[in-house]
Amino acid sequence: IAQALKQAGWAGVERGLPLYLVGGSWRALAHLDMQHVQFPLPVIHQYEMAADRAATLARVTATIGKARVKKIPAISGSRIAALAPAAALLRLLVRQLGSGAMIVSAHGLREGLLYERLSAEERALDPLLVAAEAEGEAQGRFPGHGALIDRWIAPLFTEDAPDFSRIRQAACLLGDVGWRANPDFRAERGVEIALHGNWVGINGWGRAMLAQALYSNFGGGGGLAPGLEALASSEDLARACQWGLAIRLAQRLSGGVAGPLETVRLQRDDAGIALLLPRRHASLAGETVNRRLKQLGTAMGLEWQLKATGSA
């Protein structure tokens with residue numbers, strides 16, 4: 001293996017980098033690992049394992065019986081015989097490369113060949129945001145509204161790290177995909193779309209954050225959606241809940257048109273959060289807007305107020 005890596009030009013590769021696993025045998029190993037650690041989300045793409053799991057998988061596959069492997073639906077019978085050799089190879093490869101982690105790809109060589117044909121501009125696009133925008137445009141009622149909502153709520157979340165901001169943006173782009181569902185089940189529909197959608201560029205943590213944001217946006221309230229704490233911390237999920245409540249407020253104010261969000265503003269300072277409503281648009285205020293603003297302020301632990309601005 002060391003000689004093969006040298007011939008491939010990988011001998012001097014920087015240590016500590018992730019190793020992306022492409023191919024059916026290694027995906028089967030990942031499914032075995034998911035079963036072994038009882039991972040709560042049965043989505044293989046972007047599933048991540050610590051580097052030392054390679055040695056664990058080598059030991060497991062050397063002793064596990066075929067009957068037990070056959071009980072794992074995601075592993076086809078044709079892959080069972082290859083599990084032990086694939087794990088042994090992976091263990092040595094990770095050791096030689098000094099890999100920092102192993103990340104599974106649900107895609108293969110065909111997708112790589114297609115990617116090579118893309119322009120530099122296309123390759124630079126964020127695949128999650130492109131897919132979320134396409135899904136939002138196809139399933140939502142108001143074209144282009146998601147990007148507007150993201151810009152409108154952004155002043156509340158200026159301290160969000162880039163990995164948080166992109167998930168928040170994806171939630172805004174998907175913020176209207178649940179409208180066809182029965183109102184009693186829209187929150188659950190949001191969770192389903194986020195957790196089980198055919199997304200790329202997102203891991204289990206990101207799916208949980210997206211699910212929580214859509215859950216809160218679609219009427220789940222200020223609480224955490226069931227089961228997500230196995231994928232993300234309660235603190236992170238609380239932030240995603242705030243995104244969802246902010247999106248919900250924006251949708252109530254806008255009614256699907258750009259005008260209100262171009263004149264009404266959200267402001268955050270040491271005093272709390274304020275909804276700045278021009279007097280000429282005073283009719284936008286009401287019981288529902290006040291309730292949603294209060295719910296958002298409560299979730300953020302901040303005082304809230306609706307302030308009239310300008311002349312009538």
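1. Start where helix H13 stops. The residue that follows H13 is Gly255, and its phi is positive, near 65 degrees. Keep in mind as you look that this is a predicted model.

2. Now walk back along H13 itself, residues 234-254. How far apart should the ends of this helix be? At 1.5 Å a residue, its 21 residues should span 30 Å, and the end C-alpha atoms are indeed 30 Å apart, so the two agree. H13 is also mostly covered, with 15 of its 21 residues buried.

3. Have a look at Ser254, which sits in H13. Is Ser254 buried or exposed? Its relative accessible area is 4%, so Ser254 is buried. Leaving out residues up to four places away in sequence, Ser254 touches His145, Pro260 and Leu261. There is also a long-range pairing to spot here: Ile149 is 105 residues away along the chain, yet its C-alpha atom and that of Ser254 are separated by 9.2 Å.

4. Next up is helix H10, residues 162-173. You can run the length check again: 12 residues at 1.5 Å each should span 16 Å, and the end C-alpha atoms are 17 Å apart, which agrees. Its buried residues are Phe164, Ile167, Arg168, Ala170, Ala171, Cys172 and Leu173. Yes, there is an arginine in that list. What do these buried residues pack against? Their partners are helix H8 (127-139), helix H9 (145-153), helix H12 (204-220) and H13, the helix you have just met.

5. Cysteines deserve a quick check. How many disulfides does the structure hold? The count is 0. For Cys172, the closest cysteine sulfur belongs to Cys241, and at 14 Å that is too far for a bond, because a disulfide needs the two sulfur atoms within 2.5 Å. Looking from the other side, Cys241 is in no disulfide either, and its nearest cysteine sulfur is that of Cys172, 14 Å away. Cys172 counts as buried at 2% relative accessibility. Cys241 is buried as well, with a relative accessible area of 2%.

6. Back to backbone angles, this time in the loop between helix H2 (24-37) and strand S2 (48-50), which is the place of Gln38. Gln38 is not a glycine, but its phi is positive, near 55 degrees. With a relative accessible area of 67%, Gln38 is exposed. Gln46 is found in that loop between H2 and S2 too. Here phi is about 70 degrees, again positive in a residue that is not a glycine. At 22% relative accessibility, Gln46 counts as partly exposed, since the cut-off for buried is under 20%.

7. Finally, zoom out to the whole chain. You should find 15 helices and 6 strands. The C-alpha atoms fill a box of roughly 80 × 40 × 35 Å along the principal axes. Of the 312 residues, 44% count as buried. Take the contacts with a separation of 6 or more: 73% of them involve residues 24 or more positions apart.

8. One last point, on surface and charge. The chain exposes about 16200 Å², and carbon and sulfur atoms supply 52% of that area. There are 34 positive and 28 negative charges, and their mean positions are 6 Å apart.

Definitions and conventions. Residues numbered from 1 in each chain as written. Predicted model: local features only at pLDDT ≥ 70, side-chain atom pairs only at ≥ 80, totals over all residues. Heavy atoms only, no water. Helix = DSSP H or I, 4+ residues; strand = E, 2+ residues; numbered from the N terminus. Expected span 1.5 Å × (residues − 1). Buried < 20%, exposed > 50% of the residue type's maximum accessible area, 1.4 Å probe, protein only. Contact = heavy atoms within 4.5 Å. Areas by Shrake-Rupley, 256 points an atom, 1.4 Å probe, with all protein chains shown as cover. Lys, Arg positive; Asp, Glu negative; His and termini not counted. Charge placed at Lys NZ, Arg CZ, Asp CG, Glu CD.
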